[in-house]
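Q: Hi! I'm new to this one, so could you walk me through it?
A: Happy to. Let's put it on screen and begin with a term we'll need.
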Amino acid sequence: MISPQAGTVVTAADPRAAADPSASLRGSLYAQLSRQVRQAGLMDRRGGYYARKIAVTVLALAAGWAVFVVVGDSWWQLGVAVGLAVVFAQVGFLGHDAGHRQITASRQASYVLGVLLGNLCIGLSYGWWVDKHNRHHAHPNTEGADPDIMISVLALTATQAAAPRAVTRLMFRCQAYLFFPLLLGEAISIHVASIRALGHRAPRYRLAETALLATHLAGYLAAVLLVLSPLRAVVFILVQQGLLGLYLGCSFAPNHKGMPVLPPADRTDFLRRQVLTSRNVRGGWLTDLALGGLNYQIEHHLFPSMPRPSLRHAQTLVRAFCQQHGVPYCQTSLAGSYAQALRHLNTVARAQTASQAAGQ
């Protein structure tokens with residue numbers, strides 16, 4: 001694993017910086033960039049921002065369930081399902097920030113916040129997700145190391161496309177067309193993976209995480225089944241969970257899909273590995289809100305613990321640094337990111353089809 005060691009931080013107030021201007025140029029490219037970022041105060045905690053963000057999001061979640069009860073057994077609940085899907089995703093984004101210790105530097109406080117947001121509020125195992133996501137950050141888009149590209153229903157590399165089963169190969173050929181429909185099942189897949197992972201958690205975490213996950217599941221099903229008729233309950237769950245999966249998938253897909261996939265033995269330095277495999281999405285405050293700050297994927301991968309509101313300010317600095325050192329910096333529109341991802345899926349599928357035809 002390449003470790004992003006930034007070396008000794010020299011701040012503007014550090015007498016070494018004034019006495020020796022070349023100090024800012026010492027170390028790796030990442031060390032130089034990291035010093036600039038820290039000098040700009042972009043790694044400082046943003047407690048006020050997160051206090052407001054958490055309060056508003058939790059209130060929105062409570063309001064969503066209150067509206068659910070008031071609306072009662074009605075098909076208007078499909079509108080509530082849409083709203084709760086959006087709020088669940090926003091809660092998930094906060095859990096993501098807690099997992100990276102963007103909210104607080106305390107490991108214990110981050111864990112408590114994470115399990116409350118993840119396990120209790122939306123039924124996602126925080127412990128499982130943190131382990132999986134840390135492996136992704138250490139080896140983004142790296143074959144055999146990044147769990148986010150080791151997907152059984154999608155082929156992102158030629159090796160994956162050469163599946164032994166005929167049914168799987170057939171699905172891969174149509175994967176560009178199946179991508180968005182498959183995302184409708186992403187939330188259910190996450191819930192199943194979360195439950196399975198509980199048995200592998202350390203005993204000191206297992207009891208609390210299991211209890212919180214069970215509380216969410218029991219409360220969610222009890223609310224839906226007590227308020228709605230069986231048919232409406234099933235439809236509500238399918239719509240709410242389906243749209244949640246679609247929303248989350250559409251938020252994560254622009255980040256790396258269609259970007260270079262690195263071989264297992266790749267030895268690219270940390271800065272280039274993170275920048276070359278990541279893609280930013282252009283947009284204003286609405287894009288920042290809708291994507292939970294993940295639209296600044298390059299900055300986030302370079303500095304995972306940087307608070308979300310600082311990412312926009314870091315972008316100018318990081319982009320200029322990359323241009324100065326000849327490191328390609330990818331940024332596109334949201335629609336453009338989806339087009340690139342789908343084009344990549346289609347290219348992998350067509351290349352494998354052509355390879356199979358040539359071998360016959």
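Q: Before we look around, what counts as a helix here?
A: A helix is a DSSP run of H or I with at least four residues, and helices are numbered from the N terminus. Keep in mind that this is a predicted model.

Q: Okay, so which helix is Q90 in?
A: Q90 belongs to helix α4.

Q: Is Q90 buried or exposed?
A: Buried: the cut-off is under 20% relative accessible area, and Q90 has 12% relative accessibility, so it counts as buried.

Q: What is Q90 in contact with, not counting neighbours within four places in sequence?
A: Its partners are K53, T57, Y247, L289 and A290. A290 is 200 residues away from Q90 along the chain, yet their C-alpha atoms are separated by 8.1 Å.

Q: Zooming out, how many helices and strands are there in the chain?
A: The chain has 17 helices and two strands. Its radius of gyration is 22 Å, close to the 21 Å from the globule rule for 360 residues, so the chain is as compact as a globular protein of that length.

Q: And how much of the chain counts as buried?
A: 46% of the 360 residues do. As for contacts between residues at least 6 apart in sequence, 69% of them join residues at least 24 apart.

Q: New topic: pockets. How much space lies in the largest pocket?
A: About 1,200 Å³. The lining of this pocket has 47 residues, and W128, K132, D148, E186 and I190 lie nearest its centre.

Q: Which helix gives the largest share of that lining?
A: That would be α10, with eight residues. Helices that each supply at least two lining residues include α4 (77–99), α6 (126–138) and α12 (230–256).

Q: What's the lining like, in terms of nonpolar, polar and charged residues?
A: It splits into 25 nonpolar, 15 polar and seven charged residues.

Q: Last thing: what is phi for R101 and for N141?
A: R101 has a phi near 55°, a positive value in a residue other than glycine. N141 is not a glycine either, and its phi is positive at about 55°.

Q: Where are they found?
A: R101 is in the loop between α4 and α5, while N141 is in the loop between α6 and α7 (158–161).

Q: And their relative accessibility? What is it for each?
A: N141 is buried, with a relative accessible area of 3%. R101 has 28% relative accessibility and counts as partly exposed.

Methods:
Residues are numbered from 1 along each chain as its sequence is written. This is a predicted model: local features need pLDDT of at least 70, side-chain atom pairs count only at pLDDT 80 or more; totals for chains, interfaces and linings use all residues. Side-chain values use heavy atoms; hydrogens and water are left out. On a 1 Å grid over the protein atoms alone, a cavity is a set of points where a 1.4 Å probe fits but cannot get out, and a pocket is an open set with protein on both sides within 12 Å along at least five of seven lines; lining residues have an atom within 4 Å of a point. Grid points are joined across faces, edges and corners, and a volume is the space filled by probe spheres set on the points. Ala, Val, Leu, Ile, Met, Phe, Trp, Tyr, Cys and Pro count as nonpolar, Asp, Glu, Lys and Arg as charged, and the others, Gly among them, as polar. The radius of gyration is taken over C-alpha atoms; the globule rule is 2.2 Å times the number of residues to the power 0.38. Buried means under 20% relative accessible area, exposed over 50%, partly exposed in between (1.4 Å probe, protein chains only). Contact means heavy atoms within 4.5 Å.
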